[in-house]
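Let's take a friendly walk through a small report on one protein chain. Have a look at the picture first, and then we will follow one residue outward to the whole.

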Amino acid sequence: SPIDNTGKLYGVAATRISEAIHKATGNWCDVTIVTFRDRPLEDPAYVLASLDVEESADLEDKVRPIVEQQLAQVPNLTEELILQGIVSW
């Protein structure tokens, strides 16, 4: 089940979040997703997006919707992995 493969799913999600943030801001970004058993896939314990810039409210306003949109797609990743063969490296 997808719950048993959260590492793979969140690995793909973290890559997509990082790429989307880079595209939106032009800044390098590293994303870490942490969760605990029995949490919904689209609601991990926390997401840490580290950007190579000074923190600002404007930047947070750009990044937060990207993270939320990408996390909403995590439950669909299992089907995408199976049907489309996503490569995660």
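A helix here is a DSSP run of type H or I with at least four residues, and helices are numbered from the N terminus. With that in hand, we can place Ser18: it sits in helix α1, which covers residues 6–25. Keep in mind that this is a predicted model.

Is Ser18 buried or exposed? Buried means under 20% relative accessible area. Ser18 has a relative accessibility of 16%, so it counts as buried. Leaving aside residues up to four places away in sequence, Ser18 touches Cys29, Asp30 and Val31.

Now for the helix around Ser18. The 20 residues of α1 reach 27 Å from the first C-alpha to the last, close to the 28 Å expected at 1.5 Å a residue. Ser18 has buried company in α1, including Leu9, Tyr10, Ile17 and Ile21. After α1 comes Gly26, which has a positive phi near 80°.

What covers the buried residues of α1? The cover includes the elements in this table.

| Element | Residues |
|---|---|
| β1 | 29–34 |
| β2 | 46–51 |
| α2 | 57–72 |
| α3 | 77–84 |

Finally, step back to the whole protein. Three helices and two strands make it up, and from the N terminus on their order is α-β-β-α-α. The protein has 89 residues, of which 27% count as buried. Among contacts between residues at least 6 apart in sequence, 54% join residues at least 24 apart. The protein exposes about 6100 Å², with carbon and sulfur atoms supplying 50% of that area.

Definitions and conventions:
Residues are numbered from 1 along each chain as its sequence is written. This is a predicted model: local features need pLDDT of at least 70, side-chain atom pairs count only at pLDDT 80 or more; totals for chains, interfaces and linings use all residues. Side-chain values use heavy atoms; hydrogens and water are left out. Buried means under 20% relative accessible area, exposed over 50%, partly exposed in between (1.4 Å probe, protein chains only). Contact means heavy atoms within 4.5 Å. The expected span of a helix is 1.5 Å times one less than its number of residues. Accessible areas come from the Shrake-Rupley method with a 1.4 Å probe; for residues, only the protein chains shown count as cover.
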